[in-house]
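Work through the exercises below with the sequence and the structure at hand. Each task is followed by a solution in steps.

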Amino acid sequence: MSLNACSRAVILSMLLLFSQTTWAATVLVAVAANFSKPMTEIAAEFEKATGHSAHLSFGSSGKFVSQLGNGGPFEILLSADEKGPQKLEQDGFTVPNSRFVYAQGRLVLWSAKPGYIDDQGKILTTGNFKHLALADPKLAPYGAAAVEVLKKQGLFEKLQPLFVQGENIAQTYQFINTANAELGFVALSQVIENGKITNGSGWIIPDNDHTPIRQGAVLMKKGAENPAAPALLNYLKSAPALAIIKKYGYDLPQ
Amino acid sequence: MLTSADLDTLFLTFKVASLATFLMLLLGTPLAWWLARTNSGWKGLINAVVSLPLVLPPTVLGFYLLVLMGPTGAIGELTSWLGLGTLPFTFAGLVVASVLYSMPFVVQPLQAAFTSIGEQPLEAAATLRASPLDTFFSVVIPLAKPGFLTATILGFTHTVGEFGVVLMIGGNIPNKTRVVSVQIYNHVEALEYSEAHWLAGCLLAFSFAVLLTLYTVLKTQPVTHPLK
């Protein structure tokens with residue numbers, strides 16, 4: 001092959017490579033821990049439907065907001081609340097008007113022991129437990145909602161000494177799942193399978209017992225030029241995605 | 001400024017670190033002495049076990065402790081059987097975890113100090129009819145003083161800096177398991193940057209002061225990785 005032909009081949013393959021990236025791009029998504037299961041499924045469907053791919057990072061919304069305010073690489077934030085995306089919007093890190101609510105979270109009082117929790121949550125008053133796990137109410141909306149529920153029932157003062165707090169909802173689940181805490185408040189999505197709580201026992205908290213957990217999504221300025229980013233946000237509003245969100249026990253955004 | 005909750009975390013951290021350091025010196029001294037003197041075939045195995053926390057990510061240690069010390073874990077069943085309850089989410093659990101986590105930082109400097117004493121001072125003491133215990137307290141300990149100093153400081157500061165293990169087994173309970181490193185992390189996550197700065201600054205100043213004392217006033221050899 002002559003030098004000329006060789007360089008032509010290089011240029012051609014580079015063009016192919018670049019065209020490849022414009023057709024099938026990768027988007028970096030920061031996902032609140034409670035949404036990890038549905039989002040893993042949604043991302044797989046999204047990849048099948050569009051050819052783009054989504055790389056997911058799971059953690060607490062607070063940490064992601066902190067990181068995104070300091071140059072974090074994520075192009076989309078799927079937060080556990082509306083506050084985080086709002087704050088990033090005020091600080092000018094997001095694409096204007098890209099913020100929306102993608103799901104409304106449901107809280108559940110859960111134990112790894114089958115039959116331990118009744119379907120009214122009476123165990124909170126009658127139970128002889130040593131630890132009640134919840135996510136740190138300062139950091140996690142599911143933790144804040146749990147505190148509201150306890151306050152509404154007049155049990156907050158009595159149960160506060162038994163609190164063990166996870167840094168995010170996944171860690172809270174781990175405390176209960178390893179039986180170190182007899183019971184605790186987690187996201188319904190963590191314990192539900194095909195519409196039922198299959199492991200242990202739980203009480204799904206009535207949604208008027210706490211302020212709705214409206215989970216916000218937002219497109220970061222970093223992702224504005226990436227075709228996969230708006231594509232994923234649109235896909236989140238599509239029927240297949242909404243079906244997955246519903247399957248994991250979330251209420252659909254109003 | 002530091003809030004009273006922040007001060008509580010500082011106080012708790014020093015309490016955990018002091019108690020853990022005391023226990024590590026108590027347990028680590030005979031262990032290091034044995035490791036320094038023995039020709040036993042177990043030496044390699046014991047050395048490897050003691051040094052594991054140097055290599056393992058703290059989350060691995062924390063995860064295993066959470067499972068093992070929980071109600072269905074081996075240690076948890078033992079402590080429940082003894083009537084002590086389970087250890088995660090308790091002050092005692094935090095101290096136990098800290099001892100395991102920081103032990104190599106105490107054992108290794110001591111082991112090195114004991115090894116470097118050599119046979120001669122011990123033989124000299126024996127010819128003067130000193131009992132082994134007497135020899136240990138009046139010959140070995142004074143000769144190994146720099147080793148004890150390094151062990152104490154490293155064990156203490158390493159426990160102060162502990163984070164991953166506490167995050168896994170602590171449960172963030174005020175005055176019991178909410179130590180300063182976790183409090184800083186929570187401040188940052190809650191976007192309370194000025195509170196985070198105050199606490200982080202305190203910790204930085206403390207750590208620097210300790211190391212500066214170690215290297216200038218006490219003229220200790222620079223402590224590098226204790227394995228080296």
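In which hand, left or right, does H6(B) cross H7(B)? The model used here and in every later exercise is predicted.

**Exercise 1. Two helices of chain B**

Task: settle the crossing asked about above, then describe how the two helices lie and which residues join them.

Solution.
Step 1. The crossing of H6(B) past H7(B) is right-handed.
Step 2. Helix H6 of chain B covers residues 120–127, and helix H7 of chain B covers residues 132–143. Their packing angle is about 155°, and the axes are 10 Å apart.
Step 3. Angles over 145 degrees count as roughly antiparallel, so H6(B) is roughly antiparallel to H7(B).
Step 4. On the H6(B) side the contact is made by B:Pro121, B:Leu122, B:Ala125 and B:Ala126. On the H7(B) side they meet B:Thr135, B:Val139 and B:Leu143.
Step 5. Sorted by class, this contact holds 6 nonpolar residues, 1 polar residue and no charged residues.

**Exercise 2. A sheet in chain A**

Task: give the strand order of the open sheet, find its edges, and place the helix that packs on it.

Solution.
Step 1. The open sheet has 5 strands in the order E2-E1-E3-E12-E4 (chain A), and its pairing is mixed.
Step 2. Strand E2 (53–59) and E4 of chain A each have a single partner strand, so they stand at the edges and one side of each lacks a neighbour in the sheet.
Step 3. On average, neighbouring strands in this sheet are turned by 20° against each other, with direction ignored.
Step 4. Strand E1 of chain A, residues 26–32, pairs with E2(A) in the parallel sense over 7 bridges. Within E2(A), A:Leu56 is the bridge partner of A:Val29.
Step 5. Helix H2 of chain A, residues 36–50, packs on the sheet and touches E1, E2 and strand E3 (76–78) of chain A. The direction of H2 makes about 170° with that of E2(A).

**Exercise 3. Positive phi**

Task: for A:Asn97 and B:Asn175, state the phi value, locate the residue, and decide whether it is buried or exposed.

Solution.
Step 1. A:Asn97 has a phi near 65°, which is positive although the residue is not glycine.
Step 2. The loop that holds A:Asn97 runs between helix H4 (83–90) and strand E4 (100–105) of chain A.
Step 3. A residue is exposed if 12 or fewer other C-beta atoms lie within 10 Å of its own. A:Asn97 has 8 other C-beta atoms within 10 Å, so it is exposed.
Step 4. B:Asn175 also is not a glycine, and its phi is positive, about 65°.
Step 5. B:Asn175 sits in the loop between helix H9 (164–169) and helix H10 (180–189) of chain B.
Step 6. With 12 other C-beta atoms within 10 Å, B:Asn175 is exposed.

**Exercise 4. Where the chains touch**

Task: describe the contact between chain A and chain B, starting from how many residues each chain gives.

Solution.
Step 1. Chain A gives 17 residues and chain B gives 17 residues.
Step 2. On the side of chain A that touches chain B, helix H3 (61–68) and strand E7 (163–166) of chain A are the elements that give two or more residues.
Step 3. H3(A) gives the most to this side, with 4 residues.
Step 4. By class, this side of chain A has 6 nonpolar, 7 polar and 4 charged residues.

Notes:
Residues are numbered from 1 along each chain as its sequence is written. Chains are lettered from A and ligands numbered from 1 in the order in which they are written. This is a predicted model: local features need pLDDT of at least 70, side-chain atom pairs count only at pLDDT 80 or more; totals for chains, interfaces and linings use all residues. Two residues are in contact if their C-beta atoms, placed from the backbone, lie within 7 Å. Ala, Val, Leu, Ile, Met, Phe, Trp, Tyr, Cys and Pro count as nonpolar, Asp, Glu, Lys and Arg as charged, and the others, Gly among them, as polar. Axes are lines fitted to C-alpha atoms, for helices over the stretch in contact, and angles run from 0 to 180 degrees between N-to-C directions. Angles under 35 degrees count as roughly parallel, over 145 as roughly antiparallel, 65 to 115 as roughly perpendicular and the rest as oblique. A crossing is left-handed if the near helix is turned anticlockwise from the far one by less than a right angle, and right-handed if clockwise. A residue is buried if 20 or more other C-beta atoms lie within 10 Å of its own, exposed if 12 or fewer, and partly exposed in between; C-beta atoms are placed from the backbone. Two strands pair if DSSP finds at least two bridges between them.
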